[in-house]
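Good morning, everyone, and thank you for making the time. I would like to walk you through a structure that may be new to you, so please have a look at it first.

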Amino acid sequence: MDFADADDAVAVDRDRELDPPRLRGAFRQFVGVHAGGHDFGPRHNPPQPRTGRDLTPDEEEALIEAAFGTRERYEAAKAAVARGELDAIERRSWQRGLSASLTLEEAADWLDTGTGRVLTHLALGDLFAFVCDDELLFPAWQFTDDPDQPSLNYMSSLVRAFDEDMHPTSILGFMTTPHSYTSIDGEPATPVEWLTSGRDAKPLLELLETRRMR
């Protein structure tokens, strides 16, 4: 499959309700699309009333990674802050994961290429994207300022390692949080820093495997 000669973006009618199974199937052929095209946007995932419901383990992990950094800080905040305020923090953290991304056209501009070439990279797993309200979004963390290497290496390995139930916010937190397992010159580094410095993806794949087994 080659989109390299197609220079037009995928048009989406924002007022049209798409059937989720059809949407999911449409993106299944793209190796780089997270969760088989599951739509993470509020249109397909309306907010649920909290009424004291505990966070699921994945929701809690995403909130810690995106907003607090450590479980200790999260537990302290949970003990000190009223539930309504914690909900507001959680909503902001979810939004951060969705908004720190580029559209298809913006990704093409950043890479100085056509949208068709971007889709080709996505189909091969060399770029990573997720679906939000029927639109492909490309997390900004995978792009660099290096014109000779404008996106991170080893994406095809990473995209297969992200669990389908990992929210884009959780993935953002993982990729931008320093880990002792990926230290550079004795200092914990983020996965983005680790890959940008030319190191191998194996430690990141092991970290993601450990997360999957929890």
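Let me begin at one particular spot, Gly 125, which comes just after helix H6 and takes a positive phi of about 90 degrees. Before going further, I should say that what we are looking at is a predicted model.

Staying with helix H6, which runs over residues 115-124, we find that this helix is mostly covered, with seven of its 10 residues buried. Those buried residues are Thr 115, Gly 116, Val 118, Leu 119, Thr 120, Leu 122 and Ala 123. What covers the buried residues of H6? The cover includes helix H5 and strand E3, the latter spanning residues 135-139.

Between H5, residues 104-111, and H6 there is a loop, and Asp 112 has its place in that loop. Is Asp 112 buried or exposed? With a relative accessible area of 72%, Asp 112 is exposed, and together with Glu 105, Glu 106 and Asp 109 it forms a patch of negative charge on the surface.

A contrasting case is His 34, which sits in the loop between helix H1, residues 20-27, and helix H2, residues 57-68. His 34 counts as buried because its relative accessibility is 3%, and the cut-off for buried is under 20%. Leaving aside residues up to four places away in sequence, His 34 touches a set of residues that includes Phe 40, Phe 128, Phe 130, Phe 162, Asp 163 and Ile 171.

Two of those names lead us onward. Ile 171 is one of the buried residues of helix H8, alongside others such as Pro 168, Leu 172 and Phe 174, and H8, which covers residues 168-176, is mostly covered, since eight of its nine residues are buried. Asp 163, for its part, is 46 residues from Glu 209 in sequence, while the two are 9.1 Å apart in space, taken C-alpha to C-alpha. Glu 209 itself is found in helix H10, residues 202-213, and is partly exposed, with a relative accessible area of 37%.

Finally, let me step back to the whole chain, which contains 10 helices and five strands. Of its 214 residues, 48% count as buried, and its accessible surface comes to about 11,500 Å², with 50% of that belonging to carbon and sulfur atoms. Among contacts with a separation of 6 or more, 64% are accounted for by residues 24 or more positions apart.

Note on methods: Residues numbered from 1 in each chain as written. Predicted model: local features only at pLDDT ≥ 70, side-chain atom pairs only at ≥ 80, totals over all residues. Heavy atoms only, no water. Patch = residues over 30% accessible without salt bridge, like charges linked within 9 Å, V, L, I, M, F, W, Y side chains within 5 Å. Areas by Shrake-Rupley, 256 points an atom, 1.4 Å probe, with all protein chains shown as cover. Salt bridge = Lys/Arg side-chain N within 4 Å of Asp/Glu carboxyl O. Lys, Arg positive; Asp, Glu negative; His and termini not counted. Charge placed at Lys NZ, Arg CZ, Asp CG, Glu CD. Helix = DSSP H or I, 4+ residues; strand = E, 2+ residues; numbered from the N terminus. Buried < 20%, exposed > 50% of the residue type's maximum accessible area, 1.4 Å probe, protein only. Contact = heavy atoms within 4.5 Å.
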